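Colleague: I am new to this model. Please pick one part, look at it closely, and then tell me how it sits in the whole.

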Amino acid sequence: MRTMRRTRMAALVLALLPLVAGAQPPREERGEARDVERMERREQRQRLRQVLALSAALELDNAQALKMEQTLRAFDEKRRPLREQVREAARILHLAARGDSTALPHVDAAAQRAFEARERIAVLDKEMYQALARELPPEKRAKLALTLARTEGKMRLKWKRHGEQETPAAGD
């Protein structure tokens with residue numbers, strides 16, 4: 001049973017790998033373009049991990065997993081500008097927290113934009129769950145909700161760790 005599951009997971013990874021690899025944008029020399037590319041690659045890796053986790057938890061076959069990956073990708077596309085809005089607002093807030101005089105007048109607006117974007121992300125998360133759970137029985141819907149919560153929590157920790165590496169603490 002365990003070997004069968006590993007074989008299925010390996011087949012799923014091999015099936016999804018071309019989708020992830022082929023979706024990368026061409027490399028540009030500017031730093032900003034590299035950051036965008038890095039973020040997209042990170043998002044694609046996270047989606048692949050999420051599909052693998054969901055596939056294992058829900059015992060999906062390859063076709064079902066590919067369909068789930070397409071749904072997740074569509075929601076990631078909707079979520080991307082909102083995450084960028086949160087990152088930009090956080091950048092302004094970090095600058096203001098360090099005493100940057102150009103950022104100080106924008107604190108309230110940046111905080112408001114971050115809260116609004118996070119609220120819209122939460123709505124998208126709920127819509128994504130409903131789209132993924134639509135054809136699942138109650139037991140698998142429960143597993144779906146738990147797996148999504150776990151993978152989202154892990155992703156937030158990674159984003160937080162990545163953000164801490166980019167910006168030093170306020171006391172530095």
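Modeller: One cut-off is needed at the outset: a residue counts as exposed when its relative accessible area is over 50%, as buried when it is under 20%, and as partly exposed in between. By that rule K126 is exposed, because its relative accessible area is 56%. K126 will come up again below, but the part I take for the close look is the largest nonpolar core. Keep in mind throughout that the model is predicted.

The setting comes before the part. The chain has five helices and zero strands, so read along the sequence, and using DSSP runs numbered from the N terminus, the pattern is α-α-α-α-α. Of its 172 residues, 30% count as buried. The accessible surface of the chain comes to about 11300 Å², and carbon and sulfur atoms hold 57% of that area. Among contacts with a separation of 6 or more, 66% are between residues 24 or more positions apart.

Now the core. In soluble globular proteins, nonpolar side chains tend to be buried together. Here the largest nonpolar core has 18 residues, and M68, L72, L132 and L144 have the most contacts inside it. Four helices each supply at least two of its residues: helix 2 (31-58), helix 3 (62-97), helix 4 (107-133) and helix 5 (138-166). The largest share, six residues, comes from helix 4. What does L144 touch, leaving aside residues up to four places away in sequence? The list for L144 is L54, L58, Y129, L132, A133 and L136. There is also a second, separate core of six residues, which includes A89, I92, A96 and A114.

R141 has contacts that can be set beside those of L144. R141 is found in helix 5. With a relative accessible area of 30%, R141 is partly exposed. Not counting residues up to four places away in sequence, R141 touches Y129, A133 and L136, and these names also appear in the list for L144. R141 and Y129 are 12 residues apart along the chain, and their C-alpha atoms are separated by 8.7 Å. K126, which lies in helix 4, is 19 residues along the chain from A145, with 10.0 Å between the two C-alpha atoms.

Two residues of the core, M68 and L132, also help line the second largest pocket. About 310 Å³ of space lies in that pocket. Its lining is made up of L60, A63, Q64, K67, M68, T71, A131, L132, R134, E135, L136 and K140. Helix 3 and helix 4 are the elements that give two or more residues to this lining, and helix 3 has the largest share with five. Sorted by class, the lining has six nonpolar, two polar and four charged residues.

Two places outside this account deserve a look. L95, in helix 3, has 25% relative accessibility and therefore counts as partly exposed. L95 touches D100 and A103, again leaving out residues up to four places away in sequence. From L95 to V107 the C-alpha distance is 9.4 Å, for residues 12 apart in sequence. The other place is E59, in the loop between helix 2 and helix 3. Most residues other than glycine have a negative phi. E59 is not a glycine, yet its phi is positive, at about 55°. With a relative accessible area of 42%, E59 is partly exposed.

To return to the part itself: the core draws at least two residues from each of helices 2, 3, 4 and 5, with helix 4 giving the largest share.

Definitions and conventions: Residues are numbered from 1 along each chain as its sequence is written. This is a predicted model: local features need pLDDT of at least 70, side-chain atom pairs count only at pLDDT 80 or more; totals for chains, interfaces and linings use all residues. Side-chain values use heavy atoms; hydrogens and water are left out. A nonpolar core is a set of buried Ala, Val, Leu, Ile, Met, Phe, Trp, Tyr and Cys residues joined through side-chain atoms within 4.5 Å. Buried means under 20% relative accessible area, exposed over 50%, partly exposed in between (1.4 Å probe, protein chains only). Contact means heavy atoms within 4.5 Å. On a 1 Å grid over the protein atoms alone, a cavity is a set of points where a 1.4 Å probe fits but cannot get out, and a pocket is an open set with protein on both sides within 12 Å along at least five of seven lines; lining residues have an atom within 4 Å of a point. Grid points are joined across faces, edges and corners, and a volume is the space filled by probe spheres set on the points. Ala, Val, Leu, Ile, Met, Phe, Trp, Tyr, Cys and Pro count as nonpolar, Asp, Glu, Lys and Arg as charged, and the others, Gly among them, as polar. Accessible areas come from the Shrake-Rupley method with a 1.4 Å probe; for residues, only the protein chains shown count as cover.
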